[in-house]
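Me: I've got a model open and I'd like to learn how to read it feature by feature. Can you walk me through it?

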Amino acid sequence: MSKTSWSAICWRNVSLSLLDQRRLPAEEVWLELTSAQDVADAIRDMVVRGAPAIGITAAYGVVLGAINQKGQQKWYGMVVRDIEQLAASRPTAVNLFWALERMKTVLDNARDEASPPVAALIEEARLIHEEDCANNQRMSALALSTMQHMSGEDPFSVMTHCNTGALATGGHGTALGIIKAGASCGMIEHVHVNETRPWMQGARLTSWELSRENIPLSLNVESAAALIMSKGNVKWLIVGADRIAANGDVANKIGTYTLAIAARYHGVKVMVAAPLSSFDLTIQSGGDIPVEERAGEEIMYQGNTRIAPENINAFNPVFDITPAALIDVIVTEKGVIAQPTQDNIKNHVRV
Ligand SMILES: CSC[C@@H](O)[C@@H](O)C(=O)COP(=O)(O)O
């Protein structure tokens, strides 16, 4: 794999290859998927994760569903059932539903035909994938000029949470794409990477992506974040989003909200980088965004070793909501929203 431009999602004509993110960084193992059900399972089981990557993968899942229905008279109903299964894989990232909607439109246009529109579906999935890569590059350029304008010429440190890089998207990344671009031009001199419990996306994935590009980083536990910010050389907290409500509240990996509070206290600016496909204007505020809860076992075990006593309950929400008031800028492929509010979000997304 090339170090600078690569994707963990590869369409191979009749199958989909995914780099198994559960096994990184220890092993680079590619899984070959041949059905929509395989794809839904891969999303649920975190083989692939990150909001844009989930949407792209699901789009290819619809293609696999259609390929498997070739020659079947009742193909339409079966592919619609596949779409429903894909939609049920994870609830928070709106990019999943957005991508499935695009695929369903292509499917519906061919509803009365004798066989599923495989070529048109492949074309749409590829477009979703390519657009995401291009959007990420645009976000990087916009974010760098914003940071230069707001933070001056001297190199600075940033903090990031979870993984928002090439692994989490179609390629390059949202927040991590910006960080990589900022490091390569000398604007960013150091990256503080939160480990991101319980799946350790920061420790396993973000550290892996940054170290492959020789970008200076240090890994820290989430609870060290406020201390690190208090030292004064972190200028920006840069994160991604799984869903942004109409009022600018942002659902992102659990812990983002706590980090944004600490950032505001310490004068660290908060940047959210997300494509327009991460906005959900049907949801008025963050409180209505569905937040995924995963099995308690994810926090009661370290690897295969149980660390919590038997017979206790665990609460394991994997996303939280950062209120718009704690966010300084949201960067999309279309531009920069400073101090997000209902009005400027509406103008930005709709116009
Ligand atoms: C560009 S990815 C943005 C978000 O999807 C990312 O920050 C995140 O929270 C991912 O969560 P995950 O549970 O790993 O899918």
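**Reading the model, step by step**

Reply: Let's start with the overall layout: the protein chain is divided into domain 1 (9-130) and domain 2 (137-350). Keep in mind that this is a predicted model.

Me: How do I read the relation between the two domains, and how many residues of each are in contact?

Reply: Take the centres, then the contacts. The centres of domain 1 and domain 2, taken over C-alpha atoms, are separated by 26 Å. Across the boundary, 20 residues of domain 1 are in contact with 24 residues of domain 2. On the domain 1 side of that contact, H2 and H4 each supply at least two residues, and H2 gives the most, with five residues. By type, the residues on this side divide into 12 nonpolar, six polar and two charged.

Me: Now the core. Which residues touch the most other members of the largest nonpolar core?

Reply: The idea is to look for buried nonpolar residues that are joined to one another. Here the largest nonpolar core has 96 residues, and Val39 and Val62 touch the most other members. H2 gives the most to this core, with 11 residues. Because domain 1 (9-130) and domain 2 (137-350) both give residues to this core, it lies between them.

Me: What does Val62 touch?

Reply: Not counting residues up to four places away in sequence, Val62 touches Ala36, Val79, Asp82, Ile83, Leu86, Leu100, Met103 and Leu121.

Me: How do I read the surroundings of the ligand, and which residues come nearest?

Reply: List the shell, then ask where its residues come from. There are 17 residues around the ligand, and Arg49, Ala51, Ala168, Gly240 and Lys253 come nearest. Helix H2 (51-68) and strand E9 (250-253) each supply at least two residues of this shell. Both domains take part: the shell draws at least three residues from each of domain 1 (9-130) and domain 2 (137-350). By type, the shell divides into seven nonpolar, seven polar and three charged residues.

Me: Which residues does UniProt list for "binding site"?

Reply: Treat a record as a pointer, then look at the model around each position. In an unreviewed entry, UniProt lists Arg49, Gly50, Ala51, Arg90, Gln201, Asn252 and Lys253 for "binding site". Let's take two of these.

Gly50 has its place in the loop between helix H1 (36-44) and H2. With 31 C-beta neighbours inside 10 Å, Gly50 counts as buried, because the cut-off for buried is 20 or more. Leaving out residues up to four places away in sequence, Gly50 touches Asn163, Thr164, Leu167, Ala168 and Thr169.

Arg90 is placed in the loop between helix H3 (75-87) and helix H4 (94-109). Arg90 has 21 C-beta neighbours inside 10 Å, so it counts as buried. Again not counting residues up to four places away in sequence, Arg90 touches Ile43, Arg44, Ile54, Leu96 and Glu292.

Me: And where does UniProt place "active site"?

Reply: The unreviewed UniProt entry places that feature at Asp242. Asp242 is found in the loop between E7 and strand E8 (243-245). With 29 other C-beta atoms within 10 Å, Asp242 is buried. Leaving aside its neighbours within four places in sequence, Asp242 is in contact with Ala51, Thr92, Ala93, Ala251, Asn252, Ser278 and Phe319.

Me: Why would I call helix H6 largely enclosed?

Reply: Go along the helix and check burial residue by residue. Nine of the 10 residues of helix H6 (residues 175-184) are buried, so the helix is largely enclosed by the rest of the structure. Among the buried residues are Leu176, Ile178, Ile179 and Lys180. The buried residues of H6 pack against helix H5 (118-151), strand E4 (156-160), strand E5 (188-194), helix H7 (201-212), strand E7 (234-239) and strand E10 (269-273). Just after H6, Gly186 takes a positive phi of about 85°.

Me: One last case: is Trp11 buried or partly exposed?

Reply: Count its neighbours as before. Trp11, whose place is in strand E1 (residues 9-11), is partly exposed, with 18 other C-beta atoms within 10 Å. Not counting residues up to four places away in sequence, Trp11 touches Leu16, Tyr60, Ala125 and Arg126. Trp11 and Arg212 are 201 residues apart in sequence and 24 Å apart in space, C-alpha to C-alpha.

Notes
Residues are numbered from 1 along each chain as its sequence is written. This is a predicted model: local features need pLDDT of at least 70, side-chain atom pairs count only at pLDDT 80 or more; totals for chains, interfaces and linings use all residues. A residue is near a molecule or strand if its C-beta atom, placed from the backbone, lies within 6 Å of it. Helices (H or I, at least four residues) and strands (E, at least two) are DSSP runs, numbered from the N terminus. Ala, Val, Leu, Ile, Met, Phe, Trp, Tyr, Cys and Pro count as nonpolar, Asp, Glu, Lys and Arg as charged, and the others, Gly among them, as polar. Domain bounds come from an automatic or database domain assignment. A nonpolar core is a set of buried Ala, Val, Leu, Ile, Met, Phe, Trp, Tyr and Cys residues joined through C-beta atoms within 7 Å. A residue is buried if 20 or more other C-beta atoms lie within 10 Å of its own, exposed if 12 or fewer, and partly exposed in between; C-beta atoms are placed from the backbone. Two residues are in contact if their C-beta atoms, placed from the backbone, lie within 7 Å. UniProt positions are given in the numbering used here, feature names are shortened, and annotations may be inferred rather than shown by experiment.
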